[in-house]
Amino acid sequence: MVIFVNGSFGIGKTTVARLLSERLDHSVVFDLEPVGVALSHLALLVPLKQRTDDFQDLVSWRRISIRAMGIALRFRKTVIVPMTFSNAAYHREFLSYFRARGVPALHFCLTAPHRVVLGRLRAREGHRGPTQWQLRRSAECCDAHSAAEFAEHLATADHSALDTADQIVERIHRFEEAHAARVA
């Protein structure tokens, strides 16, 4: 099973993913960001045909990430992916890949008003504060994530990361029960 924990920068995806991993047997948190950062650094040495300020725009990032997740699934029952997807087409690419291969792929999008996200970003970044890129992208993400394509939405403004993780675990168990009933 693949579980995507989506949401704006600074909303708490990685914290929720770690809490999920503690609650789900044989699971692993799989952060796709280092792959993107490596490709971004490589682009400085080897010019890419495509220029972007977001590595998710790179087809190579999406392909490598999907393959790496597939490898992780060979060793773990559940792969938990904290990742900010605001481009619905890119996210569908990931979901479709796994679902077409019979791997359950669930998506949970953490949402909060942008002012809440800004407060979390400021707290996380400390005295240096969020970058202009983080500020711009967090606003774009908060707007994009309200769309139906990014459901299943989980409001986090008034909930702790622990509460959010527990809600996701409940929904995963309901999915597993429904899936087992369909198979039986």
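**Cysteines, fold and one loop glycine**

Me: Starting with Cys142, does that residue count as buried or exposed?

Reply: Cys142 counts as buried, because its relative accessibility is 18% and the cut-off for burial is under 20%. Keep in mind that this is a predicted model.

Me: And Cys141, buried or exposed?

Reply: Cys141 is buried, with a relative accessible area of 0%.

Me: How many disulfides does the structure hold?

Reply: The structure holds 0 disulfides. A disulfide is a covalent bond between the sulfur atoms of two cysteines.

Me: Why no bond for Cys141, then?

Reply: The closest cysteine sulfur to that of Cys141 is in Cys142, and because the two are 7.1 Å apart, they are too far for a bond; the pair would have to lie within 2.5 Å to count as a disulfide. Seen from the other side, the sulfur of Cys142 has Cys141 as the residue with its closest cysteine sulfur, again at 7.1 Å.

Me: Changing topic, what pattern does the protein follow along the sequence?

Reply: Read along the sequence, the pattern is β-α-β-α-α-β-α-β-α-α-β-α, which comprises 7 helices and 5 strands. The radius of gyration is 17 Å, close to the 16 Å that the globule rule gives for 184 residues, so the protein is as compact as a globular protein of that length.

Me: What does the C-alpha trace span?

Reply: Along its principal axes, the C-alpha trace spans about 50 × 40 × 30 Å.

Me: What share of the residues is buried, and what share of the contacts joins residues 24 or more positions apart?

Reply: Buried residues make up 42% of the 184 residues. Among contacts with a separation of 6 or more, 78% are between residues 24 or more positions apart.

Me: What about the surface and the charges?

Reply: The accessible surface comes to about 10000 Å², and carbon and sulfur atoms account for 55% of that area. There are 24 positive and 19 negative side chains, with the centres of the two sets lying 6 Å apart.

Me: One last residue: where does Gly129 sit?

Reply: Gly129 is in the loop between α5 (114-125) and α6 (132-144).

Me: Is Gly129 buried or exposed there?

Reply: Gly129 is buried, with a relative accessible area of 15%, which puts this loop residue below the 20% limit for burial.

Me: And how many residues separate Gly129 from Leu118?

Reply: Gly129 and Leu118 are 11 residues apart in sequence, while their C-alpha atoms are 9.8 Å apart in space.

Conventions. Residues numbered from 1 in each chain as written. Predicted model: local features only at pLDDT ≥ 70, side-chain atom pairs only at ≥ 80, totals over all residues. Heavy atoms only, no water. Helix = DSSP H or I, 4+ residues; strand = E, 2+ residues; numbered from the N terminus. Rg over C-alpha atoms; globule rule 2.2 N^0.38 Å. Buried < 20%, exposed > 50% of the residue type's maximum accessible area, 1.4 Å probe, protein only. Contact = heavy atoms within 4.5 Å. Areas by Shrake-Rupley, 256 points an atom, 1.4 Å probe, with all protein chains shown as cover. Lys, Arg positive; Asp, Glu negative; His and termini not counted. Charge placed at Lys NZ, Arg CZ, Asp CG, Glu CD.
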